[in-house]
Amino acid sequence: PPGIHKFPAPVHQALRVKADEYVFVAGQVAFDENGGLVGKGDPVAQIRHAFSNVEKVLKDAGGTFSNVVDFTTFMVSRENMAHFFAVRNDLFSTYFPNGDYPPNTLILVSGLVLEDMIVEIQVTAAL
């Protein structure tokens with residue numbers, strides 16, 4: 001909108017959506033299918049795996065990333081932000097090839113459920 005800054009990232013300030021159904025995806029972390037943490041100490045591996053888990057939940061609900069209308073990302077440590085932005089920018093170019101990026105709120109936290117977790121990604125999708 002006029003009079004507000006533009007994000008230096010592939011996200012928008014807002015997104016208007018008309019939908020018959022919403023899917024609220026719980027925060028996804030870098031757990032494998034057996035509950036083991038993927039990428040201990042590796043922020044890139046954890047971020048990629050968390051996005052992969054989001055994708056699996058969306059698919060099971062009948063959607064894809066193109067249905068996502070909002071992201072909330074919880075990140076441990078400001079030092080991991082560059083990794084997050086690099087991975088997100090790479091994945092978003094595939095997930096949103098037309099540049100219709102949903103809003104993304106990034107929240108820095110002191111920790112997640114397990115000490116070695118780096119990122120948790122929660123989304124809302126409109127089907």
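The following exercises, each with a worked solution, concern a predicted model of one protein chain.

**Exercise 1. Overall architecture**

Determine how many helices and strands the protein chain has, and in which pattern they follow one another.

Solution. Begin with the inventory: the protein chain contains two helices and four strands. Next, place these elements in sequence order, which gives the pattern β-α-β-α-β-β. Individual elements can then be located: strand S1 covers 22–28, and helix H1 comprises residues 43–60. Strand S2 spans 68–76, and helix H2 spans 81–95.

**Exercise 2. Dimensions and packing**

Assess how the radius of gyration of the protein chain relates to that of a compact globule with 127 residues.

Solution. The expectation comes first: a compact globule with 127 residues would have a radius of gyration near 14 Å. The protein chain has 14 Å, so the value agrees with this expectation. The extent of the C-alpha trace along the principal axes may be added, at about 40 × 35 × 25 Å. Turning to burial, 39% of the 127 residues are buried. Finally, consider contacts with a sequence separation of 6 or more: 78% of them join residues 24 or more positions apart.

**Exercise 3. Surface and charge**

State what share of the accessible surface belongs to carbon and sulfur atoms, and how far apart the mean positions of the positive and negative charges are.

Solution. The accessible surface of the protein chain amounts to about 7500 Å². Carbon and sulfur atoms account for 51% of this surface. For the charges, the protein chain carries 9 positive and 14 negative ones. Their mean positions are separated by 9 Å.

**Exercise 4. Three residues of helix H1**

Classify His49, Ala45 and Glu55 as buried, partly exposed or exposed, and describe the spatial relations of each.

Solution. Step one is location: His49, Ala45 and Glu55 each belong to helix H1.

Step two is accessibility, for which the limit for a buried residue is under 20%. His49 has a relative accessible area of 18% and is therefore buried. Ala45, at 22%, is partly exposed, and Glu55, at 39%, is also partly exposed.

Step three concerns the surroundings. The side chain of His49 reaches the backbone oxygen of Phe31 at 3.1 Å. Beyond four places in sequence, His49 touches Val29, Ala30, Phe31, Asp32 and Val38. With the corresponding neighbours set aside, Glu55 is in contact with Phe65 and Tyr95.

Step four compares sequence with space. Glu55 and Asp42 are 13 residues apart in sequence, and their C-alpha atoms are 20 Å apart. For Ala45 and Met75, 30 residues apart along the chain, the C-alpha separation is 14 Å.

**Exercise 5. Two residues outside the helices**

Locate Val17 and Ser77, and establish the accessibility class of Val17 and of Ser77.

Solution. Val17 lies in the segment before strand S1. Its relative accessibility is 28%, so Val17 counts as partly exposed. Apart from residues up to four places away in sequence, Val17 touches Tyr22, Val69 and Ala126. A further relation links Val17 with Ala125: these residues are 108 positions apart along the chain, with C-alpha atoms separated by 9.8 Å.

Ser77 occupies the loop between strand S2 and helix H2. With a relative accessible area of 25%, Ser77 is partly exposed. The backbone of Ser77 deserves a separate remark: phi is positive, at about 75°, although the residue is not a glycine.

Note on methods:
Residues numbered from 1 in each chain as written. Predicted model: local features only at pLDDT ≥ 70, side-chain atom pairs only at ≥ 80, totals over all residues. Heavy atoms only, no water. Rg over C-alpha atoms; globule rule 2.2 N^0.38 Å. Buried < 20%, exposed > 50% of the residue type's maximum accessible area, 1.4 Å probe, protein only. Contact = heavy atoms within 4.5 Å. Areas by Shrake-Rupley, 256 points an atom, 1.4 Å probe, with all protein chains shown as cover. Lys, Arg positive; Asp, Glu negative; His and termini not counted. Charge placed at Lys NZ, Arg CZ, Asp CG, Glu CD. Polar contact = N/O pair within 3.5 Å; in protein donor to acceptor, adjacent residues only side chain to side chain.
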